[in-house]
Amino acid sequence: MARSNDEVAELLREYADLIAITGGDAFKARVYEKAARAIGGHHADVRTLDAEGLREIPGVGRSIADKVTAYLSTGDFAALEKLRAKIPEGVRRLTAVPGLGPRKAYTLHQELGVSSVDELVEAIHAERLRDLKGFGPRTEENILHGVELMRSAGGRALIDVALDLAEDVVATLSRIDGCLRCAYAGSLRRGRETIGDVDVLVAAEESGPFMEAFAALPYVSEVIARGPSKTSVRTDKGLSVDLRVVPPDSWGAAMLYFTGSKAHNIRVREIAVREKLKLSEYGLFDAESGERIVSRAEEEVYARLGLPWIPPALREDRGEIEAAREDALPELIEESDLRGDLHTHTDLTDGLAPLERMVAEAAKLGHAYYAVTDHAPNLYMQQMTEERILAQREEVRALDGVYGRRGRTDRRGGMRLLHGVELNIDPDGEVDWPAGFLAGFDVCVASIHSHFGQSREELTRRLVRACENPHVNIIGHPTTRILGKRPGIEFDLDEVFAACARTGTAMEINAHPNRLDLRDEDILRARRHGVRFAIDSDAHSVPDLGHLRFGVGTARRGWLTADEVINTWPLTRLRRFLRKGRRG
DNA sequence: GCCGTTTTCGGCCCGACTGTTTTCAGTCG
């Protein structure tokens with residue numbers, strides 16, 4: 001389940017938002033926000049820290065440390081409660097609408113009594129906004145567009161939130177006597193980027209104890225339905241969870257059925273029908289006699305239909321049935337194939353942890369290499385300079401001397417450090433530094449951070465030019481989308497992918513759960529051009545380093561094998577790729 | 001509210017963009 005750090009960070013963030021909404025001191029709000037981020041990204045569990053220990057977290061002083069210790073021991077956060085009493089929860093949710101910030105949300109609440117997204121939409125349609133100072137027709141339009149964008153995420157949760165919840169439910173139910181199997185299925189098992197609701201399956205003879213324990217979970221806010229084979233609940237994470245208890249005999253058929261996708265299931269059932277069989281969540285049956293043939297394991301069901309077991313990530317009816325029939329399913333990349341991370345930050349720019357800490361934690365993950373890629377100067381807020389990044393290079397080289405030589409017990413030996421940078425691709429496709437300076441880096445990630453509104457042609461040219469830069473190795477978060485917040489930029493995918501393949505530039509699969517960029521469909525398309533990929537955490541804190549698993553999940557949905565991903569390669573092969581055909 | 005080669009006050013990542021204004025507030029990264 002979520003660490004106490006995440007829980008505390010969320011409360012501090014809420015407090016910061018409410019300060020901002022009520023027009024409190026903007027600096028104070030920012031301090032709470034910063035503290036929330038620092039605590040969320042802190043390596044040690046805050047529950048193990050006293051007030052003194054908390055104050056060692058940067059951005060946490062006496063006042064915040066006291067509030068956190070009070071909250072952890074009593075569950076009270078008085079200052080927050082006071083603001084909550086003044087501002088309905090819905091007003092804070094308004095600020096989640098892209099383009100609508102705390103000040104406008106407060107004005108809407110004070111002047112029009114708006115305290116939910118629905119009321120907001122109603123007010124816009126009633127043309128009540130345009131009389132307000134600072135609001136006009138374009139603002140109305142932008143807000144409506146923002147609401148639409150938010151709703152297109154359909155109230156779906158990010159995969160890390162859903163996975164966290166599912167793993168906790170599974171762990172709890174697995175401990176109950178009589179539990180023979182327990183696992184999550186559904187879109188979460190297929191690794192989709194966002195999750196509508198969580199499906200958990202239990203194999204057991206008796207369902208009662210499981211239904212009871214499930215409904216009593218501490219984060220269950222409402223039991224929607226409860227019967228002998230299925231219980232549905234809403235949780236305080238905003239996600240619904242369905243629990244199904246099935247007879248042990250039906251486990252495989254049930255997993256197949258509830259994992260989906262619907263389209264995949266339909267195709268599989270069609271095959272069954274043609275074989276004079278009938279497939280349901282209870283098993284594979286002879287259509288005439290009704291006799292059950294197989295149902296204990298997914299493998300058995302697929303096998304009886306003449307198919308090899310199909311990995312859940314592929315079950316979208318995107319050609320996996322045909323590939324399975326021809327025995328041409330790809331050997332999908334696995335998390336253990338990754339040898340390193342090629343896009344990470346430190347507190348030299350907007351990361352939270354210092355270089356040594358990030359490196360130490362990365363080494364624990366067993367990486368063979370690790371690239372530090374802080375932001376370059378054109379992202380002005382980061383205040384990078386040549387001097388600062390060269391000083392960092394010295395530190396990286398020194399640490400490489402320590403970690404690179406370190407003998408390790410596993411097969412991989414020590415962890416080599418690469419010094420890199422995340423460049424900013426400007427509107428013309430140029431990047432921060434001249435070629436001479438870029439040549440000093442081991443790896444250059446280049447990403448778009450602004451001017452998302454350019455035309456399709458301009459954006460295409462911009463990315464192609466970045467690829468053609470002989471020092472740019474990886475295009476970072478290529479579409480720049482933020483799930484539920486910002487749509488991706490639109491460019492000619494085929495033209496850019498072709499440029500990547502031609503120039504030896506990798507496309508990133510940014511593994512952060514709110515990015516997952518490239519997404520699965522685009523990966524499928526890119527690999528047809530022969531594009532190489534880099535699965536990167538883009539970590540800004542120690543816990544972020546673990547996000548690689550979501551990138552691997554997305555890569556699997558894009559049918560990728562290990563060989564197509566440059567950070568599965570041994571370092572010598574990787575270095576050759578990073579030279580991009582240049583001499584040296 | 002935090003922090004300190006400005007050390008108990010006075011700063012606080014800095015700039016662009018947008019839509020509203022006619023000089024600026026709000027939002028975003």
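In this predicted model, arginine 30 reaches towards DNA strand B, with a polar side-chain atom lying 2.4 Å from a phosphate oxygen of the strand. Two further residues approach the phosphates through their backbone instead. A backbone N or O atom of arginine 103 is found 3.1 Å from a phosphate oxygen of DNA strand B, and for proline 102 a backbone N or O atom is placed 3.5 Å from a phosphate oxygen of that strand. Helix 2, helix 4, helix 7 (102-112) and helix 9 (137-152) are the elements that each give two or more residues to the surface near DNA strand B. Of these, helix 2 provides the largest share, with five residues.

It helps to step back and view the whole surface around the strand. DNA strand B is surrounded by 32 residues, and the closest are Arg30, Gly99, Gly101, Gly136 and Gln383. Sorted by class, this surface consists of eleven nonpolar, twelve polar and nine charged residues. Which parts of the strand are found within 4 Å of the protein, sugar or phosphate on the one hand and bases on the other? Of the DNA strand B atoms within that distance, 73% belong to sugar or phosphate, and the rest belong to bases.

Helix 2 also takes part in packing within the protein. In general, a pair of packed helices is described by the angle between the axes and the distance between them. Helix 2 (residues 26-40) packs with helix 4 (residues 62-74) at an angle of about 55°, and their axes are 11 Å apart. An angle from 35 to 65 degrees counts as oblique, and helix 2 and helix 4 are therefore oblique to each other. Their crossing is right-handed. On the side of helix 2, the contact is made by Val31, Tyr32, Ala35 and Ile39, while helix 4 contributes Ser63, Ile64, Lys67 and Val68. By class, six of the residues in this contact are nonpolar, one is polar and one is charged. Helix 2 and helix 4 thus appear twice in this account: they pack against each other, and both are among the elements that give residues to the surface near DNA strand B.

A second helix pair offers a useful companion example. Helix 1 (residues 4-21) and helix 5 (residues 78-86) pack with their axes 10 Å apart, at an angle of about 45°. This pair is therefore oblique as well, and helix 1 passes helix 5 in a left-handed crossing. Here Leu11, Glu14, Tyr15, Leu18 and Ile19 of helix 1 meet Ala79, Leu80, Leu83 and Arg84 of helix 5. The residues of this contact comprise seven nonpolar, no polar and two charged ones.

Further along the chain, helix 21 (residues 493-503) and helix 22 form another packed pair, with an angle of about 55° and axes 9 Å apart. Helix 21 and helix 22 are therefore oblique to each other, with a right-handed crossing. Leu493, Asp494 and Phe497 in helix 21 meet Asp522, Arg525 and Ala526 in helix 22. How do the residues of this contact divide by class, and how many are charged? Three are nonpolar, none is polar and three are charged.

The backbone deserves a look too, and some of its details lie in loops. The peptide bond between glycine 260 and serine 261 is cis, with omega at about -5°. Serine 261 belongs to the loop between helix 13 (251-259) and helix 14 (262-274). Another cis peptide bond runs from aspartate 517 to leucine 518, where omega is near 10°. Leucine 518 is part of the loop between strand 16 (506-510) and helix 22 (520-527), and helix 22 is the helix that packs with helix 21.

Aspartate 538 shows another backbone detail. Its phi is near 50°, which is a positive value in a residue other than glycine. Where is aspartate 538 found? Aspartate 538 is in the loop between strand 17 (533-536) and helix 23 (548-557).

Notes:
Residues are numbered from 1 along each chain as its sequence is written. Chains are lettered from A and ligands numbered from 1 in the order in which they are written. This is a predicted model: local features need pLDDT of at least 70, side-chain atom pairs count only at pLDDT 80 or more; totals for chains, interfaces and linings use all residues. Side-chain values use heavy atoms; hydrogens and water are left out. Axes are lines fitted to C-alpha atoms, for helices over the stretch in contact, and angles run from 0 to 180 degrees between N-to-C directions. Helices (H or I, at least four residues) and strands (E, at least two) are DSSP runs, numbered from the N terminus. Angles under 35 degrees count as roughly parallel, over 145 as roughly antiparallel, 65 to 115 as roughly perpendicular and the rest as oblique. A crossing is left-handed if the near helix is turned anticlockwise from the far one by less than a right angle, and right-handed if clockwise. Contact means heavy atoms within 4.5 Å. Ala, Val, Leu, Ile, Met, Phe, Trp, Tyr, Cys and Pro count as nonpolar, Asp, Glu, Lys and Arg as charged, and the others, Gly among them, as polar. A residue is near a molecule or strand if one of its heavy atoms lies within 4 Å of it. A polar contact is a pair of N or O atoms within 3.5 Å; within protein, one must be able to donate a hydrogen and the other to accept it, and residues adjacent in sequence count only if both atoms are side-chain atoms.
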